[in-house]
Amino acid sequence: MPWRAREQHQYDVFLSYNRAESQAMAEALQSGLQRLARPWWKARALRVFRDKSDLAAAPALWPTIENALAASQWLVLLASPGAARSPWVAKEVSWWLEHRPQADERLLIALTAGELRWGNGDFDRRTTDALPDALFGVYNEAPTWVDLRPENGLGTALPEGRLPDTVVADVAAPVHGRAKAVMVGEHLRQRRRTRRAVQATVAVLTVLALTATAAAIFAFEQRDIARDRARVAEARQLAALSGALTDERLDLAQPMAVAGYRLDRNTETRAALLRAVLASPHLVRYLDATDPVTTLAGARDGDTAVAGTRSGRVVRWNLARPSPGTTVMRLPTAIGALAVSAHGETIVAAGATTATLWAGGTQRPLSLPRGQVPQGVGLSPSGQRVAVVTGGRDDELGAPGTLHVLDRRTGRWTRAPSLRSGVRVAMPNETEIVLLDPSTGRWMRHISNALTSDGGTGPGFGVHGYAAALAQDGGYFTFSNGASELRVWRTDHSSADSDRPFRWVKVAAGAPTAVAVTSNGGRFAAADGAGTIHVTATTTRRGQDAPTTVLTGNSSVTTDTLLFLGPAGDRLLSATGRFLALWDLRQPSRLSTVRELAIPWSCNACPAPHLAVRPDGRQVAVLDGEGRALTLQNVPLSGVPLTIRSARWSYGPPLWNPRGDRLLVPTSDGGVDVLDGTAAVAHWAPDFDSGKPVDGDVVVLTGWSQAGHFVEIWGSGWVRMRDPSTGKVVISKRGPAGGLHAGRRMPEWAQFNARTGRAVLLVPTGELEDRRAVLIDTRDGGGTWLPGPAVRGVGFAGDRVIVQRTSGSLEIRSPDGRRLIRTFQSDNPGGDRLASDGGDLLVRLRPNGKALITDVTSGATLGILPLLDEPAIDPTGLAFSPDGRMLFAAIPEGPATGKGRLQQWSFDERAWSNVACTSAGHDISAGDWSQYVGAGVQHRAACG
């Protein structure tokens, strides 16, 4: 039957997916779309067509699908490798593109498996395996897609077949024509309305029941229960709102998460708080200017930021400490241009009619010729020379301007002809002034007090300009005309040739609202219309790829409010509305610090580094997997680390004594070195009188027994205990019958539980990927091979044994390993590196370099730590501090360097709240509360 356009659509959404690969996700998404923001009087919020639920036993399959497509407003593609190969999916997508005007704007992509990679103006066919061929070449700019893949934590987030509301809102928001945060807020308001109706009914019945004393007692009990449930429900609502706001208003998402967590600590609020402080890891903090920002400037030393606002205020921040900004100037009109001296002690600002200088805490106007209005301003590094470019009040666009230079030491003004009005101004030193016309690309360099000029040339930008930038010292400039590859020129005569720039850069932002370039021309930044900032290294040749860092968390970046801060070019400032965002590209996360250490590593099969954290958490010992370099690093990660290498033997897993004043390190001769934190002060002899391990055996794990003995567990399963004062072996057990060796391959991962006296080891049993788990009881040397299929990782959570299967399922077992308590099913395989905080949190390092944080009580994924920038090829060591508040990761860099990194991650939930409030820069205002939470709900401060 031929397709006919319909006036009324029967369906809001048509789900196109591969049933074999994405059926569970399709069912969960359909349910979520029908449920989210549903008024109590409607059966469904959205009408969704999904073939399994709507085709039943249709005799002619394609005509039925065609009718459903024609009757749908939106097509949602669940992209996966299976969908890319499916002829049905290909036919549905092709039909949509052929018959629907602006089809690409009403086609949403939700990635459930595989990869989507945007390349040079299209999806990259080499690395994208989840799209049907019909979608290549359709989009001019990278479309936004929703990531539903298991590695993002959704593999364990569907215990009841439900998707989180914030994930559903990513798809539902464009269909409803609303912002994501508004959608989640509406969903929560609808739930509250339903709950209030129920509560009102209960209240009436309760009043009637109060006629009897027994009924009154019952009513009070029910009231308390209802209040408690309402509190928990509100906390979860705040957590959901935080998730919805993370991509577009991270400044508000963080205090929302804190408010929910402080209202009720549960799985949802913990997850929301953690995800909020992990989001956009290069964000340092927001700076609140209190009204919309119109322009920015930064001191060359990187310690001062200055913003001009729409109301005419100039606000100054000392970036060395997280303190509020100070209003230093007020002008009668919006600030259009700003400049600041190298150390931030002098500022010049220009409004629509006046220019003003601030120095030494005093504001004074600058005298300009009658009829002239300021267009651009600059300051020399010392602040002693002030440059102002003016134009006539009634000049036509493009008319030449005048450069005015004030020498503050003499009070003398010097003037010279300038480029057209609206120029950018930079003063690299005390004698030079660089001007750039951002609309044409012409530049001019004025030299010395006489203002002699050099330049007046440039590449010519054309008429389709989006944004331009001049480096802080005036050495480089760039321009965007919407092309996917841009040019960076120097302010010298080489810029006259448009096709031979100094550097090139590929950009993902096709029509940026703001661009910036570093003082050395080596790095470029562009903000796209959705508020995402792309920071990319420039290249010497056209067509070269370079690493790109993506900065998210804002819905937009105000026009021309993006700049690199400081001499190194690794910090940025941007503005969105009334907020400035301070970014640091060196910062791995707001929750972590990183230190370079000596961690030699020579092979993929070598063991992971061993870590030992001092009982007070103030020092960590890191031993490379081959036992060649033992490094002691103070915590927090500061000061010069101490690296110890022995010329006599290699080392085994180190262990601090309970007092934290001695570090015990097994040696390859079978003995133990005793260190005082700086050097070896004693050596315990091998002492094999009570029995000798097999040849080639080494210590793979150490610990303390409940009786206070130093425990050695050898690769063969042998268990020895030493007297902590003399080092004498007092107990020696042969371990599991038959030993643990498989072709001389040692256990790959081992953990010790001092409370139960048990150790769990991951043991190769033949083939490379064939591993089993064995639990050794050090009290009697007995061993228990844990039942079940192949194992990928082992560990402890409290007293419970954790087993990660290669299938992805996570098992929680009893302390003796024999009884299975619970299994969390998932198609999301964790890694072979597990670490627990000693309570209910488990960290699983996956092969892609990301670490899943799992609540073993509920099985929910609380968050994902980006431990590595790329897949985990190098073995990584993990260990928590004894109090569970810090996680350490030791990461070798590779065989060639002999170096590595030590990461410290905070797992203190109070610190998470403090970080969220500090980086947000503000609390939840009454206006934001009313807009997102609801006018009828009590306003809660999160960070007060």
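Helix α3 passes helix α5 in a right-handed crossing, and I should say at once that we are looking at a predicted model. Helix α3 covers residues 61-70 and helix α5 covers residues 87-99; their axes come within 11 Å and cross at roughly 40°. That angle makes α3 oblique to α5. On the α3 side, the contact is made by Leu61, Trp62, Ile65, Glu66, Leu69 and Ala70. On the α5 side, Trp88, Lys91, Glu92, Trp95 and Trp96 take part. By character, the residues of this contact between α3 and α5 divide into 8 nonpolar and 3 charged, with no polar residue.

Let me turn to a second helix pair. Helix α10, residues 267-278, packs with helix α11, residues 909-920, at an angle of about 50°, and the two axes lie 9 Å apart. These helices, α10 and α11, are therefore oblique to each other. What is the hand of the crossing of α10 and α11? The crossing is left-handed. Helix α10 contributes Arg270, Leu273, Leu274 and Val277 to the contact, while α11 contributes Glu909, Trp912, Ser913, Val915 and Ala916. Sorted by type, the residues of the contact of α10 with α11 are 6 nonpolar, 1 polar and 2 charged.

I now move from helices to a single residue in a strand. Arginine 487 has its place in strand β25, which spans residues 485-490. Is arginine 487 buried or exposed? Its relative accessibility is 18%, and because the cut-off for buried is under 20%, arginine 487 counts as buried. Leaving aside residues up to four places away in sequence, arginine 487 touches Phe477, Thr478, Phe479, Ser498, Asp499, Pro501, Arg503, Trp504 and Arg542.

Next, the chain as a whole. The protein chain has 12 helices and 61 strands. Of its 944 residues, 55% are buried. Among contacts between residues at least 6 apart in sequence, 52% join residues at least 24 apart.

Finally, a word on confidence. The average pLDDT of the protein chain is 85, and 88% of the residues score at least 70. Where does pLDDT stay under 50? It does so over residues 1-7, for which the model has 11 contacts beyond four places in sequence. Where pLDDT is low, the predicted coordinates should not be read in detail.

Notes:
Residues numbered from 1 in each chain as written. Predicted model: local features only at pLDDT ≥ 70, side-chain atom pairs only at ≥ 80, totals over all residues. Heavy atoms only, no water. Axes fitted to C-alpha atoms, helices over the stretch in contact; angles between N-to-C directions. Helix = DSSP H or I, 4+ residues; strand = E, 2+ residues; numbered from the N terminus. Parallel < 35°, antiparallel > 145°, perpendicular 65-115°, else oblique. Left-handed = near helix turned anticlockwise from the far one by under 90°. Contact = heavy atoms within 4.5 Å. Nonpolar A, V, L, I, M, F, W, Y, C, P; charged D, E, K, R; others polar. pLDDT = per-residue confidence, 0-100. Buried < 20%, exposed > 50% of the residue type's maximum accessible area, 1.4 Å probe, protein only.
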